[in-house]
Amino acid sequence: MRRGLGYAIAVLLWLAWAAPVDALELNLKGTFTQGGLVIGKTAPGATVSVGGAPAKVSRDGYFLVGLGRDAPSSVQVQVRSRGQTQVRALTIKKRQYQVQRIDGLPKKQVTPDPAALKRIRADNRKIGAVRAQALDAVDFLSGFHWPVRGRISGVFGSQRILNGQPRRPHNGVDVAAAPGTVIVSPADGVVALVHSDMFFTGKTLMIDHGLGLSSVYAHMSQILVRDGQRVVKGTPIGKVGQTGRASGPHLHWGVSLGRTHLDPALLAGPM
Ligand SMILES: [Zn+2]
């Protein structure tokens, strides 16, 4: 009984102390660099905006901030709940990107013909549909590791200039490995797309990690999971190959928050 009373007094004292500084929770953890991902946590039910745009908030109050290749040097995060507002200006580190010039390519490889264009557009629609979904899931909390180990043959953000024509920057990381090397899921999630033959990316797989965060795996020789299957960090998902347009066996691994491409290497850390 005495113990119960002591506890009640302690709680009351704590409440009295905590009440005046009862600021709205806002925790931000991640890589504050172009291409980085920041995981935010606030009060459940809060409204969040990032750079003025609304962000999806999970039922537990988690949200994500995706810093694109060319993210500005400052990004404002605002959370609002029950009449309280918290604003935080994130300072984002700038990066230098490689420029890769490839000349003397056959014209066919640089400018796809109409039939190829039709396939490319259909592929992009399917990939875009997965990127547009934002499930109320927080599978990304498992953290990320490398889906396969090998030599990094292509880095995030590099600008490709083919026959003098600037192309979209490389939006993932390439890992060269022997054909047939098993690829594992780098994090928990749900398989959101399985395609046996995309124009550029060949055998292609996508995993949804929640709140709009998705990852893509390309050029595989074999896919080992089904659409809708739940995977955990370490589940075998496919094998390294050279399907689609690839100059050698490698895994192209991409991570996006919505339509914003992020650098998978920053998520996985040094190999
Ligand atoms: Zn690539």
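**Exercise 1. Find which residue of strand E20 is the bridge partner of valine 175, and describe the strands around it.**

Step 1. Look across from valine 175: its bridge partner in E20 is leucine 251. Strands here are DSSP runs of type E with at least two residues, while helices are runs of H or I with at least four, and both are numbered from the N terminus.

Step 2. Now widen the view. Strand E20 covers residues 250-257 and runs antiparallel to E12, with four bridges joining them. Two strands count as paired if DSSP finds at least two bridges between them.

Step 3. Turn to another partner of E12. Strand E9 (residues 151-154) pairs with E12 in the antiparallel sense over three bridges, and glycine 154 has aspartate 174 as its bridge partner.

Step 4. Check both faces of E12 (residues 173-176). Val173 and Val175 on one side are buried, as are Asp174 and Ala176 on the other. Buried means under 20% relative accessible area, exposed means over 50%, and partly exposed lies in between (1.4 Å probe, protein chains only). As background, side chains in a regular strand alternate between the two faces of the sheet.

A note on the model: it is predicted, so local features need pLDDT of at least 70 and side-chain atom pairs 80 or more, whereas totals for chains, interfaces and linings use all residues. Residues are numbered from 1 along each chain as its sequence is written, and side-chain values use heavy atoms, leaving out hydrogens and water.

**Exercise 2. Work out which strands stand at the edges of the open sheet E13-E19-E17.**

Step 1. Write down the order: three strands, E13-E19-E17, with antiparallel pairing.

Step 2. Count partners. Strand E13 (182-184) and strand E17 (222-223) each have a single partner strand, so they stand at the edges and one side of each lacks a neighbour in the sheet.

Step 3. Zoom in on one pair. E13 and strand E19 (residues 236-239) are linked by three bridges, and valine 182 stands opposite lysine 239.

**Exercise 3. Place the domains within the whole chain.**

Step 1. Mark the bounds: domain 1 is 13-91 and domain 2 is 99-268, as given by an automatic or database domain assignment.

Step 2. Take the centres over C-alpha atoms; they are 29 Å apart. The contact (heavy atoms within 4.5 Å) takes 20 residues from domain 1 and 20 residues from domain 2.

Step 3. Finish with the overall picture. The chain has four helices and 21 strands, and buried residues make up 44% of its 271 residues.
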